[in-house]
Amino acid sequence: TLRMLLPALLVLLFCFRGRAGTSPHFLQQPEDLVVLLGEEAQLPCALGAYWGLVQWTKDGLALGGERDLPGWSRYWISGNAASGHHDLHIRPVELEDEASYECQATQAGLRSRPAQLHILVPPEAPQVLGGPSVSLVAGVPANLTCRSHGDARPTPELLWFRDGVQLDGTTFYQTMLKEGTTGSTESTLSFMPSRRDDGATLVCRAQSQALPVGRDTAITLSLQYPPEVTLSAEPQTVQEGETVTFLCQATAQPPVTGYRWAKGGSPVLGARAPMLEVLADASFLTEPVSCEVSNAVGSANRSTALDVLFGPILQAKPEPVSVDVGGDASFSCAWRGNPPPRVTWTRRGGSQVLGSGPTLRLPSVGPEDAGDYVCRAEPGLSGLGGGAAEARLTVNVPPVVTALHSAPAFLSGPARLQCLVFASPAPEAVVWSWDEGFLAAGSQGRFLVETFPAPEGRGGQSPGLISVLHISGTQESDFSRGFNCSARNRLGEGGTRVSLGRRDLLPTVRIVAGVAAAATTLLMVITGVALCCWRYGKASGSFSEPKNMVRIPGSSDGSSSRGHEEEETGSGEDQGPIVHTDHSDLVLDEEGALETKDPTNGYYKVRGVSVSLSLGEAPGGGLFLPPPSPLGPPGTPTFYDFNPHLGMVPPCRLYRARAGYLTTPHPRAFTSYIKPTSFGPPDLAPGTPPFPYAAFPTPSHPRHQTHV
């Protein structure tokens, strides 16, 4: 009952004092307080003019009026009550202690303002996913995650550091649990790792108000990276055709697994080593060599181009150009070389240099400029390459029409007229016109037109055209009038006049008759010669073997010849030597015949002549006669007339004395004779002619003799 009365007494005392002096009041009120978890919290409270009961409330719940606050083991009230100090202490502070506290003077009806107690929870050491050694791939974007667990209050901030320097590029995530409490906290660092990050140390730091210095977690980066390649060539500058060595070096993690080579993007088959040897040519200047190195992570390649010295190579030929007369023309050609070649322009067939460089310009061209132009490059230092390329310049002009030769025609017969047309551009049509009409193609009455390309054109111009006008059944008017051949193109018109010649029938008949007569005469001559030769051969076959011969001396005087002969005959000497004559003109007749002495003293009264001729074969199959003989007097006949002496049909009259060559079927005649030792009576066979002399040689007898 005493305890129940004590508060009432205090209230009465307070009221009494209030009426007597100063009223109770707060000298110090509690304020909000932040305390680390596990430490001591102290909330101050001081009252003036009050000696009654003082108590503390937690979130409105009275903790009690005793100083030791029974039931709250970690709570107590300190201070001198007589002086009005009533401070609340909490130790150690726990999370449940976080509340709103008030100091109350119950007997005086006083309440302090609420004081909020905040409990700070330091963060734990963060965790980096994948640590403590994180494997990354160089060149591949990476995300490193740092996570903070526990009930840290306030929520900690996660920071990334490298070599003490804070890194940028982090993203913060916070996971909220039920009832609004904070769960785990994450921070993600995004960056592009490179080879130099291999072995680097990164630190994730969790810091907050509860722990300003923070707590760190370190990780080590282990980088995998594709090969880093260096490519070199030795020598870098090379003459075409020399050997070049390429060396491909690489560093990689994990190690290199293979090499591949390419040139101008095309693989070099069979090349799998870090070294490549090739023969340099012009293509290496524009088609670099590349080396690709691979490992488990990826691949990398490097390329290099050689400085190859080579002669000119034609890259672009000049194109044909067609320009109207008076216009400007230009040609272009491209040569490639190292060093760059010198290019000159000439005209085909000429040596004058018209220009240099890749382009030739010809202003205001005329027909005389048409032709072929040559673009030429000299060989390089190595002596290789070079050459020439040409293109044609066609100058467009109006058509040029020329009449071609046309054969004369018979009246009422067919006729053919021709013209040659050169034009650039090609004519639209070639037209034949005459008095009463014109025709470009096809037929019209007696007329027909054909047009076809000419065999070849003029230099620098397009091929010509030949147009032919056929006329069937010519009339008198066709020979007197002219025919016009004309052509037109976009630059103008050209034409020419063509006349038709006439051919009469009578001269043709005369020519045919003359040819027939000549052929008949030739046939008769050939027949006569053949018959003559046949009769001669028959006559020569009837002579018997000779017994005596008469020798003809070589003197020019007939009487002296006879006297000399008689001397040699009467002497009774042996047979004289065979004489080979060099005479080509031997004439025998009645007055000039050489006579020998009659050994019968006129009994037979016979004059005998023994002739031996040698006819050499002349070039071409004829027979050669020696020079003119001195035996015959001037004015003797030019043919060998044996009729007066032989009494028979003369042989072939082809032995011309002055011709030098004889065309005869007999390859030989007499050229020598033998002087007989004596003269005997003649041996005459029955039926023998009165003077059976002039036996000619046959192919089987080189020599014949005649006896009288």
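Visitor: Why is R260 called partly exposed?
Guide: The relative accessible area of R260 is 47%. Buried means under 20%, and exposed means over 50%. A value of 47% lies in between, so R260 is partly exposed. Keep in mind that this is a predicted model.

Visitor: What makes R260 and E292 a salt bridge?
Guide: Their side chains meet at 2.6 Å, N to O. The cut-off is within 4 Å, for a side-chain nitrogen of Lys or Arg and a carboxyl oxygen of Asp or Glu. The pair of R260 and E292 therefore qualifies.

Visitor: Which strands hold R260 and E292?
Guide: R260 lies in strand β23 (residues 258–263), and E292 lies in strand β26 (residues 289–294). The pair therefore ties together parts that are 32 residues apart in sequence.

Visitor: How do you know that R113 and E31 form a salt bridge?
Guide: Their side chains come to 3.4 Å, N to O. The limit is 4 Å, so the pair counts. This salt bridge links distant parts of the chain. R113 sits in the loop between β10 (110–111) and β11 (115–120). E31 sits in the loop between β1 (25–28) and β2 (33–36). The two residues are 82 residues apart.

Visitor: Why is E31 called exposed?
Guide: E31 has a relative accessible area of 52%. Exposed means over 50%, so E31 passes. R113 has 40% relative accessibility. That value is between 20% and 50%, so R113 counts as partly exposed.

Visitor: Is the salt bridge partner pair R481 and D478 buried or exposed?
Guide: R481 is buried, and D478 is buried too. In their salt bridge, the closest N and O atoms are 2.6 Å apart. Elsewhere, R74, E94, E96 and D97 are joined into one network by salt bridges that share partners.

Visitor: How many salt bridges are there by this rule?
Guide: The count comes to 22.

Visitor: What makes C248 and C291 a disulfide?
Guide: Their sulfur atoms are 2.0 Å apart. The cut-off is within 2.5 Å, so the pair is a disulfide. The angle about the S-S bond is -90 degrees, and the link is left-handed. It connects distant parts of the chain, 43 residues apart. C248 is in strand β22 (residues 243–253), and C291 is in strand β26.

Visitor: Why are C248 and C291 called buried?
Guide: C248 has a relative accessible area of 2%. C291 has 0%. Buried means under 20%, so both names fit. C533 has 15% relative accessibility. That is under 20%, so C533 counts as buried as well.

Visitor: How do you know that C333 and C375 are bonded?
Guide: Their sulfur atoms are 1.8 Å apart. That is within 2.5 Å, so they form a disulfide. C333 lies in the loop between β30 (329–332) and β31, and C375 lies in strand β35 (residues 371–377). They are 42 residues apart. Both C333 and C375 are buried.

Visitor: What makes C419 and C485 a disulfide?
Guide: The sulfur atoms of C419 and C485 are 1.9 Å apart. The limit is 2.5 Å, so the pair qualifies. C419 lies in strand β37 (residues 415–424) and C485 in strand β43 (residues 482–489), so the link ties together parts that are 66 residues apart in sequence. C419 and C485 are both buried.

Visitor: How many disulfides does the structure hold, and in which pairing?
Guide: The structure holds 5 disulfides. With the bonded cysteines numbered in sequence order, the pairing is 1-2, 3-4, 5-6, 7-8, 9-10.

Visitor: Which order do the 3 strands of the open sheet follow?
Guide: The order is β21-β28-β31, and the pairing is mixed.

Visitor: Why do β21 and β31 stand at the edges?
Guide: β21 (237–239) and β31 (334–338) each have a single partner strand, so one side of each is left without a neighbour in the sheet. Neighbouring strands of this sheet are turned by 35 degrees against each other on average, direction ignored.

Visitor: What makes β28 and β31 a pair?
Guide: 4 bridges join β28 (residues 307–316) to β31. Pairing needs at least two bridges, so these strands pair. They run antiparallel. I313 stands opposite R336 in β31.

Visitor: Where does the pLDDT stay under 50?
Guide: The chain averages a pLDDT of 75, and 69% of the residues score at least 70. Over residues 14–20 the pLDDT is below 50. That stretch has 6 contacts beyond near neighbours in sequence. The pLDDT also stays under 50 over residues 542–708. There the model has 270 contacts beyond four places in sequence.

Technical notes. Residues are numbered from 1 along each chain as its sequence is written. This is a predicted model: local features need pLDDT of at least 70, side-chain atom pairs count only at pLDDT 80 or more; totals for chains, interfaces and linings use all residues. Side-chain values use heavy atoms; hydrogens and water are left out. Axes are lines fitted to C-alpha atoms, for helices over the stretch in contact, and angles run from 0 to 180 degrees between N-to-C directions. Buried means under 20% relative accessible area, exposed over 50%, partly exposed in between (1.4 Å probe, protein chains only). pLDDT is the predictor's confidence in each residue, from 0 to 100. Contact means heavy atoms within 4.5 Å.
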